[in-house]
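Here are my notes on the model you sent, set out as numbered points. Please read them with the structure open beside you.

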Amino acid sequence: MIMGHVLHDWNLDEKRRLIAKAYDALPDRGALIVFDAVIDDDRKRNAFGLLMSLNMLIETQGGFDYTGGDCCAWMTSVGFRRTSVEHLAGPDSMVLGFK
């Protein structure tokens with residue numbers, strides 16, 4: 001399952017709820033790929049992601065961009081057994097969660 005530029009639109013509770021629903025919908029050994037302007041865990045390198053997070057706070061009712069570590073923790077909390085973060089092109093990265 002893939003969520004591309006989706007999670008940043010939602011507040012923390014809704015982010016967690018969407019990840020949990022994805023987990024429940026996946027078959028055993030399935031995977032969730034989340035891609036977005038994921039902020040680096042040190043919050044020092046992805047200026048675009050940081051600015052996008054500010055933009056989401058202005059445009060939505062609680063949306064924000066997040067770090068790879070944040071997303072991995074959310075995935076783990078609903079049952080994903082293995083997670084990783086991979087940089088893509090430009091400011092985007094993907095977070096993978098394996099059921």
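1. In helix α2, the buried residues (buried meaning under 20% relative accessible area, exposed over 50%, partly exposed in between, with a 1.4 Å probe and protein chains only) are G49, S53 and M56. Seen down the helix axis, these buried residues fall within an arc of 65°, so they line one face of α2; the arc is that of the directions from the helix axis to the C-beta atoms. On the other side of α2, L51, I58 and E59 are exposed. The helix runs over residues 47-59, 13 residues in number, and reaches 18 Å from its first C-alpha to its last, close to the 18 Å expected at 1.5 Å a residue, where the expected span is 1.5 Å times one less than the number of residues.

2. A word on the basis of these points: this is a predicted model, in which local features need pLDDT of at least 70 and side-chain atom pairs count only at pLDDT 80 or more, whereas totals for chains, interfaces and linings use all residues. Residues are numbered from 1 along each chain as its sequence is written, and side-chain values use heavy atoms, with hydrogens and water left out. Helices (H or I, at least four residues) and strands (E, at least two) are DSSP runs, numbered from the N terminus.

3. Helix α1, residues 12-25, buries K15, I19, A22 and Y23. Viewed along the axis of α1, its buried residues lie within an arc of 100°, so they line one face of the helix, and they pack against β1 (2-4), β2 (31-36) and α3 (68-78), contact meaning heavy atoms within 4.5 Å. The face turned away from that buried side carries the exposed residues D13, K21, D24 and A25. At the N-terminal end of α1, N11 acts as a cap, with a side-chain oxygen 3.1 Å from the backbone nitrogen of D13.

4. Which residues have the most contacts inside the largest nonpolar core? They are L32, V34, C71 and M75, in a core of 16 residues; such a core is a set of buried Ala, Val, Leu, Ile, Met, Phe, Trp, Tyr and Cys residues joined through side-chain atoms within 4.5 Å. The elements that give two or more residues to this core are α1, β2 and α3, and the largest share, four residues, comes from α3.

5. Strand β2 shows alternating side chains, with L32, V34 and D36 pointing to one face and buried, while A31, I33 and F35 point to the other and are not buried. Strands β1 and β2 pair in the parallel sense over three bridges, pairing requiring that DSSP finds at least two bridges between two strands; I2 has I33 of β2 as its bridge partner.

6. The loop between β1 and α1 holds H8, which is buried, with a relative accessible area of 7%. Its side chain makes a polar contact with the side chain of D36 at 3.2 Å, a polar contact being a pair of N or O atoms within 3.5 Å, of which, within protein, one must be able to donate a hydrogen and the other to accept it, and residues adjacent in sequence count only if both atoms are side-chain atoms. The C-alpha atoms of H8 and Y66 are separated by 7.4 Å, although these residues are 58 residues apart along the chain.

7. Two backbone angles deserve a look. H5 has a positive phi of about 55° although it is not a glycine, and R43, in the loop between β2 and α2, also has a positive phi, near 55°.
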